[in-house]
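The following exercises invite the reader to examine a protein structure step by step. Each task is followed by a worked solution.

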Amino acid sequence: MEEADCSLPACPTEDAIRALLENLVDPLLPLKPSPSNVPSKALRESVAKQVHAVVLLYNYYHRREHPHLERLPFESFRSLTTVMRPALLPHFKESGEDGVLEKVIVDACSLSMNLGASSDFSTLKKWPIRKVAVLLVDSKKTCCYLQHSSITQGVWSLLEKAIEGQSEEAIFQKVSFAAIKEATGIDHKDIVILERHLVHSLSEEKTTTKFYIMKCTSEDNFPGEFPVEEALNCMQGPLFEKSFSEWSTNSIVEYFHVLPYANLIADWFSRREDAEFVIEKEAEAVCDEMESNGKADESDICTTEDAVRALLENLVDPLLPLRPSPTDVPSMALRESVAEQVVRAVVVLYNYYHRREHPHLECLSFETFRSLTTVVKPALLPHFKESGDGVVFLEKVIVDACSLSMSLVASSDFSSLKKWPIKKVSVLLVDSKKTCCYLQHSSITQGVWSLLEKAIEREKAAAAEGQSEEAIFQKIAFSAIKEATGINHKDVVILERHLVHSLSEEKTTAKFYIMKCTSQDKFSGEFPVGEALKCMQGPLFEKSFSEWSTNSIVEYFHVLPYANLIADWFSRREDAEFVIEKEVETVCDEIESNGKADESDVCHTGDAIRALLENLVDPLLPPKPSPTDVPSKAVREAVAKQVHAVVLLYNYYHRREHPHLECLSFDSFRSLTTVMRPALLPHFTDSGEDGVLEQTVFLEKVIVDACSLSMSLDASSDFSSLKKWPIKKVAVLLVDSKKTCCYLQHSSITQGVWSLLEKAAAAEGQNEEAIFQKVAFAAIKEATGINHKDVVILERHLVPSLSEEKTTAQFYIMKCTSQDKFSGEFPVEEALKCMQGPLFEKSFSVSEWSTSFVVEYFHLLPYASLITDWFSRREDTDFVIEKEAEAVFDENGKADEFDNFDTPGRGGDNATSKRSNDTNARKEASRSSPKARKKVAPKFYSRNLRGRTVPAAEPQVETVVALKANNNADNEMSPCKDNGERGGMEVGSGSNYQRERDNQRKKAVTDKLKSILKLNNASPASARDSNLNLEELQTTLLSRASSLSETALKVLHCKRDKLILQQRDIEDEIAECDKLIKNVKGNWELQLETILECCNEAYPRRSLQESQSNKRVKLSEPLPFTKSMCQKLDDLCLENNWVLPTYRVSSTDGGYEAEVRIKETRFAHTICGDEKSDAEEARESAAACLLRRLQHNTRTTAINFSS
């Protein structure tokens, strides 16, 4: 049942009871009651059932929506109902026996109390199963069969039937089939089991119901015409509605008995179009009926003898001699082939797979198999005789196969499966498009397809000290792929892993992996997965011209244990892809044996630390560090937080991608960071404040803790370990009502990094979930001003925390139901794209590593896969998790203080001010440094380019202009100033150069400020007066900081745009040179032309700006009427305040090919153009392709918005 809107008024207790009595009880009461009338026993029981529903509907379901309402005990119910309905008085009087109605109300009140605990599945499993409930749907899975008034008068229900003290699956199925047969006349043969669940029961306290979803395969026999979707719609909303000042029951009351199953039905209904997984029917569930009806129709079922004959003919005959002789003695190799590879398959295919479809058939023992096979195939007789070593190999194989067939029945219980040892690894290897797979033929059994399988040698596993089991399994899987296909583990990713019963040995399992080859060129398999799944459907045998033969499913015998898992994955292959991490030990040996990774592909330790320090730590360090400077406590803590992120990003996230890199300890980090950033040295020394010497160096402790945390994060992939760790904080992804945008905070935890809404939490008390929800609502309220009434909980998960070792975070995905109140405009899809890829990237224009967008989303990385999973399912049915009563109400039943918007100090202006400050903080973070500003593009500034001017307010601009005019000769920061000699070649000259350049700029600004203070023909001012005037001027400038920031941004935009345009021409000329280098050998005309051109003195001295004027219009000139595609793309970027696109032109065999890229904070586009004969034409083609993509995205967004 969907949670009602808490903002709607609640139906008061008396009105609720009156409406329920009117709907459910009144039809059974006399119109004119008399005190002398004594109701019959049948009427007493009927009325008691109705009142039982009234108690549960009010005490549990209505109060679940409105927990502040009073919980009614027996006495309150009795007094309230008898006052409202005097006709109930005779039902409370004893008639020679205990009062039925009294007992029912007492039991219902107790049951209401216990239903709250039923949300804990571990508690639910301890309660006995006392009845079976079935949702029977038609073959199209759109309509269902419901019963009316079968339990409670006027109420719909599923097919239900009581169970007496039984706890076996076969009994539950048998009772379910019987219930269906009694109600509809449909036989179990026309029914398949789709799902089964354990659900709390509304009949008896602390008992459960075995709930099945079953499908009738015959459309003609199905009598139900109740649309499932309509039933689900009727079960949504509140129990009561108000009309003309009177309360009445809603349609949901009529589905009271279906409510416990509503979420499960809705979940299944949302997935009904996916691949269908049928649960096997237990043999005992259908055996009695078949025996009572006599033997099955011979024309429909392949009998034992025909089945064994067909299997022997298909699998064994190819290995037997055409004319067997009693004197022939088969070799040991032939004995093993016939026994291990063939006869084992025959036994399992008949005794398990064929009998699973037709359980009434005889289960063959060893003696029966021996006599039957030797009669059908006399050539097998010599294989049953002792060989030279006195061992009859075939006998042992058949005995083992018979035992294996029995154990496979128990393998449907996953708890039993987990206790069995893992003896082999199986791999389904698919191509990069996930449409084809690699299968082996006759590698295990002659004539049968199989996956890539490899046995686990326990001796080797035991020798691998210090390696986890998962690492060993993955290593064996990669080895099997390498041996069969030659594909290296670097070109393979792990999509899924499962535990599956093994067909090799009794009570053993196989570790099953679904892996994908990322390189389409290296993939050698061409077997369509969809075709393989079709071949594994249907019966094992088919009849043709009165003879039975095996079906194609027999040829996939070794793939059958994995068929359901493969079908499930194949139905979800188009969804967001989740890649399982490779264990460090798995790939480390091979990488070490093959030498270090390619220098051009992997960012090594020194480069990685340098790039992270430059991005995260440098903005907080002084440009000219001094050994005598002692950083304040606030600066120490801020720097420590940034270094904490550096440690985790390298030691865990970067090494997770490249496990061969060194894991840095505290000492390594200290030495490396202080060498790269001497300004960090004071942070590693003790500081004294207020004359007290600190005993612990804060930065040291942070690095040590972060190193330990990096190690513990590896263990967090085991959910069983994760559950044991304490929950120390709450994290919330808040999305809008359309579930497309989210609210993220910038620099709230780490400077320059986006994060979710996070708040520390310490759960004390019994209801931890209520505490976590309360903290989450408080975090939302503080950050956005949104009340919990406008928020619903979509999902919750347990996630490892990046704050403290071996702790977790309770992660919620919540939705704001009011679009007007939602202040976040960050598209979820763009955020997910920014979290993909490596942490570091190498610029093609310079040979230095820099951080990618992933680093800016560091605090979101633990939640990335969960957000991706939810986002891929966001269009499905919306399942809302109930809010805990304690989370939104205090002990007195009143709303918490933070529920009221007008509460002083919490809502109103204060909340608005906080949101405004947070927004400003985000803007300032984007302006803090050229590097940070480049990645977080501002929205609010237009550039003075291409003849377009956007004047700012005059008073603010005058101050900046005065500064610039004062020293025009050496002003490096004037907009679009031509740099002449250096052009754009200063880019990438190193962080030391950049810091020195920053120092020079600060000195120049200071000199300019001092020069303004000097007066003509005046005596020099004293140092004190000069400092005072300087401080006054600085105060004036700070008051106009916004204008300064805007102008500085325009300057930097102009300069960066100029450099990008120069870089394009350099790229074009490099591509042309590359092509000439390829073609110059043997081409004397080209050789001569090249030499003559080099002799031309103008060529090496020609400026980039001249080449720019030949190809592109200068930035200072107005645009021509006819624009090139590159110009149009530039215009679009300038209008939207985006970074100008960058191009990479490369030579090909047929000419040139260009790649264009636009990279912003919230999106990134990279596209290749067509191959062209000229470098500039290739660039034009790439620009045209990107323009088309942007126009398409704009149209799509407009359509979505209008719809």
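## Salt bridges

In this predicted model, the structure holds 40 salt bridges. The exercises begin with some of these pairs and then turn to a sheet.

**Exercise 1.** Determine how Asp15 and Arg18 are placed in helix H1, and whether each is buried, partly exposed or exposed.

*Solution.*
1. The contact itself comes first: a salt bridge joins the side chains of Asp15 and Arg18, at 3.4 Å from N to O. This satisfies the criterion, because a nitrogen within 4 Å of a carboxyl oxygen is required.
2. Both residues belong to helix H1 (residues 13-25), where they are three residues apart and therefore separated by about one helical turn.
3. Asp15 has a relative accessible area of 25% and is partly exposed.
4. Arg18 is likewise partly exposed, at 33%.

In general, side chains of opposite charge can pair when their charged atoms come close.

**Exercise 2.** Classify Arg272 and Glu273 by their accessibility.

*Solution.*
1. The side chains of Arg272 and Glu273 form a salt bridge with an N to O distance of 3.6 Å.
2. The classes follow from two limits: buried means under 20% and exposed means over 50%.
3. Arg272, with 21% relative accessibility, is therefore partly exposed.
4. Glu273, with 63%, is therefore exposed.

**Exercise 3.** State which elements of the chain are linked by the pair Lys454 and Glu483.

*Solution.*
1. The closest N and O atoms of Lys454 and Glu483 are 3.0 Å apart, and the two residues form a salt bridge.
2. Lys454 lies in strand E15 (residues 452-455) and Glu483 in helix H17 (residues 469-485); the pair, 29 residues apart, links distant parts of the chain.
3. Lys454 is partly exposed, with a relative accessible area of 26%, whereas Glu483 is exposed at 57%.
4. Elsewhere, Glu169, Arg196 and Lys210 are joined into one network by salt bridges that share partners.

## A sheet

**Exercise 4.** Describe the pairing of strands E33 and E34 and the sheet to which they belong.

*Solution.*
1. Strand E33 (residues 1142-1148) and strand E34 (residues 1151-1159) run antiparallel and are joined by seven bridges.
2. A hairpin of two residues leads from E33 to E34.
3. Across the pair, Ser1147 stands opposite Tyr1152 in E34, and Ser1146 stands opposite Glu1153.
4. The open sheet has three strands in the order E33-E34-E35, with antiparallel pairing.
5. E33 and strand E35 (1164-1168) are the edge strands, each pairing on one side only.
6. On average, neighbouring strands of this sheet are turned by 15° against each other, direction ignored.

Note on methods: Residues numbered from 1 in each chain as written. Predicted model: local features only at pLDDT ≥ 70, side-chain atom pairs only at ≥ 80, totals over all residues. Heavy atoms only, no water. Pairing = 2+ DSSP bridges. Helix = DSSP H or I, 4+ residues; strand = E, 2+ residues; numbered from the N terminus. Axes fitted to C-alpha atoms, helices over the stretch in contact; angles between N-to-C directions. Buried < 20%, exposed > 50% of the residue type's maximum accessible area, 1.4 Å probe, protein only.
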